Amino acid sequence: MKQQICIFTGARPNFVKVAPLIRTINRNDECSYQLVYAGREDDPTLEPSLFSDLEMPRPDVFLGVDCENLNELTGRVMAEFEHYLEQHPVDSVIVVDDLASTMAAAIVTKKRGARLAHLVAGTRSFDINMPKEINRLVIDGLSDMLFTAGIGSSSIATREGAELHKIYMVGNILMDQLRYCRDRWQRPACLDGVEDGHYLVFTLNRKALLASEDNLLLMLQAIAREAGSIPVIAPLRGLAAKTVQKLMSQHPEIETAIRIVPSLGYLEFGYLTSRAKGIITDSGNVAEEATFNHVPCITLNSYTEHQETVKQGTNVLVGEDAERLASELHRLLAGDWTTGQLPDRWDGRTAERIVSMLCS
């Protein structure tokens with residue numbers, strides 16, 4: 001009898017990580033799946049191009065939960081996901097990353113007696129005041145299978161008491177998707193008139209950075225000052241776009257240097273980052289992609305859940321310090337940057353390992 005697997009997703013970035021799983025399951029005669037999304041069917045972040053770019057179907061089930069309060073969201077997802085499992089018995093549930101909805105699905109899965117697998121397990125900031133850190137601890141503590149991206153994450157899971165037979169270092173599944181799509185990248189219109197390799201990319205999303213406008217202004221001024229005549233392409237959305245536009249309108253020198261462009265589809269964004277001279281970001285996923293593409297990357301954070309991007313890759317952490325940002329950006333533009341190498345098991349076969357273990 002086929003193994004019945006539920007793949008649970010809670011936000012847009014999760015789909016990039018589950019697309020390789022779906023392709024692999026579809027080639028396997030021993031298991032089948034349903035894809036469940038915590039949010040609404042008309043979620044504006046799930047534009048049709050996302051699924052066509054990833055070459056994957058839309059979710060089979062939308063739980064329809066949409067609220068800002070994390071505790072309310074957790075409770076509503078638990079109720080809706082329990083109702084789903086009552087109607088669709090499964091052998092395994094695989095949850096992705098560290099959202100409140102992910103934790104909710106993990107709790108319900110264990111209460112229902114199904115096997116729980118956590119994709120991208122063992123990631124820690126070691127800051128218990130971060131809601132996501134609590135989610136990570138709960139999900140990993142409940143999981144029957146912890147799929148880790150590297151040795152560091154496996155070591156964390158071991159130190160926290162996870163039994164060795166539950167930990168599987170499968171590699172970084174983002175690399176499966178990057179390898180699958182890199183011949184399909186699409187040059188975005190925002191690069192018209194701009195030569196490949198002669199621009200910077202700037203992305204921003206962290207609420208802590210957006211909340212401190214005075215410090216954000218210092219960082220934007222540092223970027224504008226160091227970039228000089230080199231274009232800085234900033235595909236921003238939502239609050240990030242509004243906040244940066246507000247500061248730019250008050251400081252023309254920033255507006256001259258930084259070009260805010262509409263958010264891009266997956267294939268266009270992949271082209272943009274893979275051909276950049278350098279990247280400034282607060283996203284761990286973007287930093288991982290930069291390491292894969294051997295593109296210098298400055299991360300606006302004091303930690304990363306994926307230390308291999310710093311130890312082996314092209315990533316440098318500057319926290320929220322505008323002076324350090326300026327110093328590292330100056331070094332980047334001068335060509336004085338460490339040449340990175342690909343960490344272990346970034347080979348594009350992570351999904352194969354996961355599906356093999358789930359179906360065995």
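Select Arg124 to begin: with a relative accessible area of 4%, Arg124 is buried, where buried means under 20% relative accessible area, exposed over 50% and partly exposed in between, for a 1.4 Å probe and protein chains only. The model you are viewing is predicted, so local features need pLDDT of at least 70 and side-chain atom pairs count only at pLDDT 80 or more, while totals for chains, interfaces and linings use all residues. Residues are numbered from 1 along each chain as its sequence is written, and side-chain values use heavy atoms, with hydrogens and water left out.

Now add Asp140, whose side chain meets that of Arg124 in a salt bridge (3.0 Å, N to O); the term stands for a side-chain nitrogen of Lys or Arg within 4 Å of a carboxyl oxygen of Asp or Glu. This pair links distant parts of the chain, 16 residues apart, since Asp140 sits in helix α5 (residues 131-142) and Arg124 in the loop between β5 (115-121) and α5. Helices (H or I, at least four residues) and strands (E, at least two) are DSSP runs, numbered from the N terminus. Asp140 is also buried, at a relative accessible area of 7%.

By the same rule, the count comes to 20 salt bridges. For another, select Arg12 and Glu47, whose side chains meet at 2.4 Å, N to O. Arg12 belongs to helix α1 (residues 12-26) and Glu47 to the loop between β2 (31-37) and α2 (48-54), so the pair ties together parts that are 35 residues apart in sequence. Both Arg12 and Glu47 are buried.

Move next to Arg331 and Glu328, which form a salt bridge of 2.7 Å, N to O. These two are 3 residues apart in helix α15 (residues 322-333), and about one helical turn separates them. Which of the categories does Arg331 fall into, buried, partly exposed or exposed? At 24% relative accessibility Arg331 is partly exposed, whereas Glu328, at 16%, is buried.

Finish at strand β2, where 5 of the 7 residues are buried, so the strand is largely enclosed by the rest of the structure. Strand β1 (residues 3-9) pairs with β2 in the parallel sense over 7 bridges, pairing being assigned if DSSP finds at least two bridges between two strands. Select Ile5 and you will find it opposite Tyr33 in β2. Strand β3 (residues 61-62) also runs parallel to β2, joined by 2 bridges, and here Val36 stands opposite Val61 in β3.
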